[in-house]
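Colleague: Could you walk me through how to read a helix and a ligand site in a model like this one? I would love to learn by example.

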Amino acid sequence: MSQRHAATGFPDEPLVRAVNVTKAFHGTEVLKGIDMDVHRGEVVVLCGPSGSGKTTFLRCINQLETIDGGRIWVDGDLMGYEDRGGTLHRLTDKRMAAQRRDIGMCFQRFNLFPHKTVLENVIEAPMQVKGTSRPQAEAAARELLDQVGLGDKPSAYPAQLSGGQQQRVAIARALAMDPKLMLFDEPTSALDPELVGEVLKVMRDLATRGMTMIVVTHEMGFAREVADRVVFIDAGAVVEEGPPDQCLGNPQHQRTRAFLSRMRREEAAHARAVVQTVTGTADALGAVGGLDDESTPSPDEAAGRHPTT
Amino acid sequence: MTSTSPDRPGAIHARPVQHPWRWVALAVIAVVAGMIVSSFVTNERWNFPFAFEIMQQSPVVEGLWKGTIFGTIGAMVLGIGLGVVLAVMRLSANPVLRGVAFVYTWFFRAIPRYVLLVLLGTGLGFLYPGFDIGVPFGQQIAGAVGLESDLTFFTLDYNSISSTIWVGILGLGLSEAAYMAEIARAGILSVDRGQAEAAQALGMPPGKTMRRIVLPQAMRVIVPPTGNETIAMVKDTSLLAAVPVIVELFYQSYQFGQRTFQIMPGIVAATIWYLIVCSILMVGQSWLERYFGRGFGVVPTRTQQKLAEIEADH
Ligand SMILES: Nc1ncnc2c1ncn2[C@@H]1O[C@H](COP(=O)(O)OP(=O)(O)O)[C@@H](O)[C@H]1O
Ligand SMILES: [Mg+2]
């Protein structure tokens, strides 16, 4: 039965199939006909400039936003609608909730429940949605917390945790529903640089275990290492996609190239800022300045200083 | 080990800033307080000993429990429950529910409580001596098609309850709900949208999301003004006499004073009781604020600190 796709090496029937998805906010089209197949076990990294519609697309997949056109299927289920003899009927809130159970989502701002402890955050959905008994839910939650490296913090409140820890709890919370698909919306962009690694590590582990993941991120190192495919989105449309080496190493499209070189500049500027805070000397700026190509701004600009006039 | 040497400054023993005006203010207040207390003692019309006696009279105590305290609890339970429902209606996607909640709030905020209580206690009983519970328009339908039955299941004799505490609770509670709806709405809106979205993304249906995730967090914003509303309600139970419900603290203690030709002690007795009840409520309010503020950077409660210590010991 399990045929494999010739090109991707994944089983043929995709877990996520999005066809010609369109979405407008107040008359402004934000998604302009996105097609995307994600196969079981595949890790897809979505990247693209800010405002290009990446978040909106993720939110459309689990129906936090309703789409205006096109179709999205997850595991063969049409999301948000029921097709009755060619006419689409909007699903009730209850049935839509049921569709979302199998899709985990991690947000840029974590969105942990602040009035609940770490353990309560993780057991909430299994108990309330699936009706799992408390002992069972707690046992599973403790295992998941161990998996994300927070086995020692079950009774902490989110406010007592660092951003990286909070995002790892959020991942555990999503995994507690045993999802078949995980959506990540810039999971590390709100984190201090030194906390990014611990979250990416958890995500890498998850990918290794075969989780199907769609990840919006600008962490190019993660994309190169973990992604099976990179999809570059600009202005609500897919511009380019392919394996990370190709899409990031040798982009075909002018817009992809422009975006990537901007990303590299930002990364370099960031590295410089870190070095500056560490050494506190202007000399270090010059030393790191050589990392990048000629498009690099001068050290003065990168540090946000203006040359004296 | 800290060593102190001329070039390494040691512990600081600075003189605090002086606040002479605080002492002046204290002196002024002491004089004023002294004058008030002396008038309490020298003007025997205050007659505090008798006021304390009135406080303990059984009709007064009964009025306190059955009128003031029971009335407050009943009205606040009704007000909070209905208020939260109205707030959720106001924020619902259903335009009919939104409209109903809006009209309700508009109506009950515009009616003075005293007038509402008179209306319910006297007016309603005059209009509808009995409430027939049955099929809507049942009597008209039955008349039209010539049925024996008038489709009424049972009749509630309104006059038999029209001057009971229940009508008072109904009036105060209905009025309170309009205010609580606004408070609850502000509370719900104060919760970050990401919270409901996170719950939805986990597959929680909207009702559960509201009950389990949004409302508990909204409580942090809802509790302080609700405490104020409760304290205000204690005082508003003195309006129950408008229903008329006479088993109520102020009515009883004022009447007791009048009957004994000691008007001032009667009023003072009620005043002291109100002070006591409201003080207790204020303590309870600050406890509730701490409870619902958990997880929001509030100092952990003593139990939690204990638990943390125990965990640290292991
Ligand atoms: N709820 C909304 N209402 C109106 N406009 C929105 C809303 N959400 C997103 N947008 C707009 O849609 C566009 C795409 O946003 P988004 O999907 O967040 O982009 P990205 O995640 O790629 O930065 C932006 O121009 C944004 O302003
Ligand atoms: Mg985004």
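Modeller: Happy to! This is a predicted model. Let us begin at a helix end: α3(A) is followed by G131(A), whose phi is positive, near 75 degrees. Likewise, G203(B), just after α9(B), has a positive phi of about 95 degrees.

Colleague: What span does helix α3 of chain A reach from its first C-alpha to its last?

Modeller: The idea is to compare the span with the one expected at 1.5 Å a residue. Helix α3 of chain A, residues 118-130, reaches 19 Å, close to the expected 18 Å.

Colleague: Where does α3(A) bend?

Modeller: At E124(A), by about 30 degrees, and the proline P126(A) follows within four residues.

Colleague: Why is α3(A) said to be largely enclosed by the rest of the structure?

Modeller: Start with the general picture: an α-helix has 3.6 residues a turn, so residues three or four places apart point the same way. In this case, 10 of the 13 residues of α3(A) are buried, so the helix is largely enclosed. Among them are V118(A), V122(A) and P126(A). The buried residues of α3(A) pack against α4 and α5 of chain A, together with α10 of chain B.

Colleague: And ligand 1: which polar atoms of the protein lie by its oxygen atoms?

Modeller: For a polar contact, look for N or O pairs within 3.5 Å. A side-chain N or O atom of T56(A) is 2.5 Å from a ligand 1 oxygen. Backbone polar atoms contribute too, with G53(A) at 3.0 Å and S52(A) at 3.2 Å. Taken alone, ligand 1 exposes 550 Å², and the protein buries 59% of that.

Conventions: Residues numbered from 1 in each chain as written. Chains lettered and ligands numbered in written order. Predicted model: local features only at pLDDT ≥ 70, side-chain atom pairs only at ≥ 80, totals over all residues. Heavy atoms only, no water. Helix = DSSP H or I, 4+ residues; strand = E, 2+ residues; numbered from the N terminus. Expected span 1.5 Å × (residues − 1). Bend = angle between axes of the 7 residues up to and from the residue. Buried < 20%, exposed > 50% of the residue type's maximum accessible area, 1.4 Å probe, protein only. Contact = heavy atoms within 4.5 Å. Polar contact = N/O pair within 3.5 Å; in protein donor to acceptor, adjacent residues only side chain to side chain. Areas by Shrake-Rupley, 256 points an atom, 1.4 Å probe, with all protein chains shown as cover.
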